[in-house]
Amino acid sequence: IEKIGGTTMAKKYETTFERLVEEIAAGEKLHNLVEWKRFIKRDNTVFIAIDIQNDVVHPEGNLNWTGTWKIAKEMNLVNNIRDIVAACRTKHIPVIWVRQTFLAGGQDLIPGSYFEALINYMRSAIPNFMVGDTWEIDIVDELKSVMKPKDLLIEKRLWSAFEGTNLQTYLHMMGIRNIICCGTMIDQCVEATIRSGWDRGYLPVLVTDASAGNSEEIVNMAC
């Protein structure tokens, strides 16, 4: 975040077939073949924090049995996000908060769908699973203190922050081309948002030390 700024200069990116094969064979990842950092500018970038809510990150949350809160604590996730938010404020980069929530009566679930069955299954064991207007789905206190009234708050029903929300409309109106993402779970909602963003033409950047899953193995695989 601290290095964001300046202007993306025109540059011709090209290589040879032999060089490309060598890079891939050496283990170079596809997204590192072109210097992506040159495309990140403060006036077309937002920071998106996904599902940093009590249900997942707090040790007393409904999903504490997944162990994600432990991974988040070990990696100092909340404080890392606070630092990112502070840097965004300095650079005047918009901050967007996302949280997962469903209506208590299930009116927002498609009747007869697998997804409805899944949520109902979870609620048979955890009655207030992801129910709106509860402590469980609220952003953790440590981050609520750095939220500002001008920050956007997106409530999603599906894994991706784009599906069924106004996120893309907001980004279009703001002239955004790049999304810096972090949050939980890294292999579910965070990954779904990043992939959805890429498919919509945005350049997504994952902040690995501010994203957690229910095990170190899953975090490493997702990265």
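**Cysteines, rings and an aspartate**

Trainee: Why is C88 called buried in this predicted model?

Mentor: The relative accessible area of C88 is 0%. The cut-off for buried is under 20%, so C88 at 0% counts as buried.

Trainee: How do you know that C88 is not in a disulfide?

Mentor: The closest cysteine sulfur to that of C88 belongs to C182, 9.2 Å away. A disulfide needs two cysteine sulfur atoms within 2.5 Å, so the sulfur of C88 is too far from that of C182 for a bond.

Trainee: And what can you say about C182 itself?

Mentor: C182 is in no disulfide either: the nearest cysteine sulfur is that of C181, at 7.8 Å. Set against the 2.5 Å limit, that is no bond. C182 is also buried, because its relative accessibility is 0% and the class asks for under 20%.

Trainee: How many disulfides does that rule give in the end?

Mentor: The count comes to 0 disulfides.

Trainee: Let's turn to the aromatic rings. How many aromatic pairs are there?

Mentor: There are 3 aromatic pairs.

Trainee: What makes F115 and W159 an edge-to-face pair?

Mentor: Two values decide it. The ring centres lie 5.4 Å apart, and pairing asks for centres within 6.5 Å, so the rings pair. Their planes stand at 70°, and edge-to-face begins over 60 degrees, so this pair is edge-to-face.

Trainee: Where do the two partners sit in the chain?

Mentor: F115 is in helix α5 (residues 114-125), while W159 is in the loop between β3 (152-156) and α7 (167-174). They are 44 residues apart, and the pair links distant parts of the chain. Ring pairs also bring in F102, making a cluster of F102, F115 and W159.

Trainee: Why do F115 and W159 get separate accessibility labels?

Mentor: F115 has 19% relative accessibility, which is under 20%, so F115 counts as buried. W159 has 33%, between the 20% and 50% cut-offs, so W159 is partly exposed.

Trainee: Nice. What makes D51 buried?

Mentor: Its relative accessible area is 4%, and because buried means under 20%, D51 qualifies. D51 is in the loop between β1 (45-50) and α2 (54-57).

Trainee: How do you know that D51 has a polar contact with Q100?

Mentor: The backbone nitrogen of Q100 is 3.2 Å from a polar atom of the D51 side chain. The limit is 3.5 Å, so the distance fits. Beyond four places in sequence, the contacts of D51 include Q100, R99, K156 and T184.

Notes:
Residues are numbered from 1 along each chain as its sequence is written. This is a predicted model: local features need pLDDT of at least 70, side-chain atom pairs count only at pLDDT 80 or more; totals for chains, interfaces and linings use all residues. Side-chain values use heavy atoms; hydrogens and water are left out. Buried means under 20% relative accessible area, exposed over 50%, partly exposed in between (1.4 Å probe, protein chains only). Rings of Phe, Tyr and Trp (its six-membered ring) pair if their centres lie within 6.5 Å; planes under 30 degrees apart count as stacked, over 60 as edge-to-face and the rest as tilted. Helices (H or I, at least four residues) and strands (E, at least two) are DSSP runs, numbered from the N terminus. Contact means heavy atoms within 4.5 Å. A polar contact is a pair of N or O atoms within 3.5 Å; within protein, one must be able to donate a hydrogen and the other to accept it, and residues adjacent in sequence count only if both atoms are side-chain atoms.
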